[in-house]
Amino acid sequence: MLLINNLEFSYKKETELIKNLELKLNSNEIHGLVGLNGSGKTTLMNIIFGNIKPFSGEILFNNTPVNKADIAFLETENFFYSKITGAEYLEIFKFSNKKFNIQAWNDIFKLPLNNLIESYSTGMKKKLAIMSVLSFDKPIYLLDEPFNGIDLETNQTIKNILFKLKEHGKTLIITSHIFEILQTSCDTISFLNNKKIEFTKRKEDFKEVENDIFKTLNSDNQSNLSKLFED
């Protein structure tokens with residue numbers, strides 16, 4: 001189980017981004033994290049991974065403090081060295097996992113690995129980044145917007161990979177602005193809002209998540225639109 005207790009963080013002392021955040025997620029499941037832009041989703045992922053140190057609180061995995069060595073992290077924006085090919089980039093990750101089969105994975109993702117990465121499209125770069133994260137055999141996978149910039153076929157491929165990772169006992173946390181994808185791939189969805197997790201719902205209650213998130217938004221939008229279109 002991944003347990004977050006009383007987490008607090010801010011980039012500026014007078015502007016708290018996360019306050020008294022509590023979250024409990026079962027191991028061996030796929031967990032979705034949703035929230036509006038600026039709500040702190042990426043910050044929370046970085047805190048769990050250890051890139052950012054919180055002001056207070058604790059993060060436990062199976063009753064021990066979470067360890068960066070136990071986590072594979074796909075960041076929203078991915079960095080690639082210049083003047084190297086996709087194959088050369090992936091070879092870097094074989095040092096940590098000799099069993100990582102680049103060709104077998106590329107049979108799925110179908111990238112031109114002998115080409116320079118700077119020639120890749122946005123979607124191709126995303127697939128390359130995902131392949132690099134999959135090279136790690138870790139108990140926890142943090143995937144920040146893994147579905148951004150990719151086509152429908154790759155969307156389904158990634159979902160199938162998530163299911164396989166779950167079958168092999170991995171715990172996954174993913175963020176996405178595409179709510180339908182979270183509905184069809186996650187065991188739980190948590191809503192980050194007002195500096196904390198407002199609720200976590202399981203699959204049978206996902207319809208409530210959608211209603212609760214968008215009810216206020218739609219009300220505000222309709223009110224503002226009415227003002228704009230007044231005679």
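**Entry 1. The second largest cavity**

I looked up the second largest cavity in this predicted model and recorded a volume of about 50 Å³. I then listed the lining of this cavity: Leu23, Leu25, His31, Gly32, Leu33, Leu44, Met45, Ile48, Ile173 and Ser190. The elements that give two or more residues to this lining are β2 (15-25), β3 (30-34) and α1 (41-49). By class, I noted seven nonpolar residues, three polar and no charged in the lining of the second largest cavity.

**Entry 2. Helix α1**

Since α1 contributes to that lining, I checked the cover of this helix. I found α1 mostly covered, with eight of its nine residues buried. I wrote down the buried residues of α1 as Lys41, Thr43, Leu44, Met45, Asn46, Ile47, Ile48 and Phe49. After α1 comes glycine 50, for which I noted a positive phi, near 105 degrees.

**Entry 3. The largest cavity**

I asked how many cavities of 30 Å³ or more a search of the whole structure finds. The search gives two. For the largest cavity I recorded about 90 Å³ of space. Its lining consists of Leu74, Ile130, Val133, Leu134, Tyr141, Leu143, Pro146, Ile158, Ile161, Leu162 and Leu165. I noted that α4, β7 and α5 (152-167) each supply at least two residues of this lining. Which element gives the most to the lining of the largest cavity? I found that α5 does, with four residues. By class, the lining of the largest cavity has eleven nonpolar residues, no polar and no charged ones.

**Entry 4. Serine 135**

I next located serine 135, in the loop between α4 (122-134) and β7 (140-144). Is serine 135 buried or exposed? I entered serine 135 as buried, because its relative accessibility is 0%. Leaving aside residues up to four places away in sequence, I found that serine 135 touches Phe93, Asn97 and Phe100.

**Entry 5. Aromatic pairs**

I searched the whole structure for aromatic pairs and obtained eight. One of them joins phenylalanine 9 and tyrosine 11, edge-to-face, with 4.8 Å centre to centre and 85 degrees between the planes. I compared the cover of the two partners: phenylalanine 9 counts as buried because its relative accessible area is 7%, whereas tyrosine 11 counts as exposed because its relative accessibility is 56%.

I then turned to phenylalanine 93 and phenylalanine 136, also an edge-to-face pair, at 5.8 Å centre to centre and 90 degrees between the planes. This pair links distant parts of the chain, 43 residues apart: phenylalanine 93 lies in helix α2 (residues 86-93), and phenylalanine 136 in the loop between α4 and β7. Phenylalanine 93, which serine 135 also touches, is buried at 15% relative accessibility. I entered phenylalanine 136 as partly exposed, at 26%. The two limits that decide this are under 20% for buried and over 50% for exposed. Which residues do ring pairs link into a cluster? I listed Phe80, Tyr89, Phe93 and Phe136.

**Entry 6. A charge over a ring**

Where does the charged end of lysine 201 sit? I found this end over the ring of phenylalanine 199, 5.7 Å from the ring centre.

**Entry 7. Summary of the linings**

I set the two linings side by side. The lining of the largest cavity has no polar residues, while the lining of the second largest cavity has three. Neither the former nor the latter includes a charged residue.

Definitions and conventions. Residues numbered from 1 in each chain as written. Predicted model: local features only at pLDDT ≥ 70, side-chain atom pairs only at ≥ 80, totals over all residues. Heavy atoms only, no water. Buried < 20%, exposed > 50% of the residue type's maximum accessible area, 1.4 Å probe, protein only. Contact = heavy atoms within 4.5 Å. 1 Å grid on protein atoms, 1.4 Å probe; cavity = no way out; pocket = protein on both sides within 12 Å on 5 of 7 lines; lining within 4 Å. Points joined across faces, edges and corners; volume = space filled by probe spheres on them. Nonpolar A, V, L, I, M, F, W, Y, C, P; charged D, E, K, R; others polar. Phe/Tyr/Trp six-rings, centres within 6.5 Å; stacked < 30°, edge-to-face > 60°. Lys NZ or Arg CZ within 6 Å of the ring centre and 35° of its normal.
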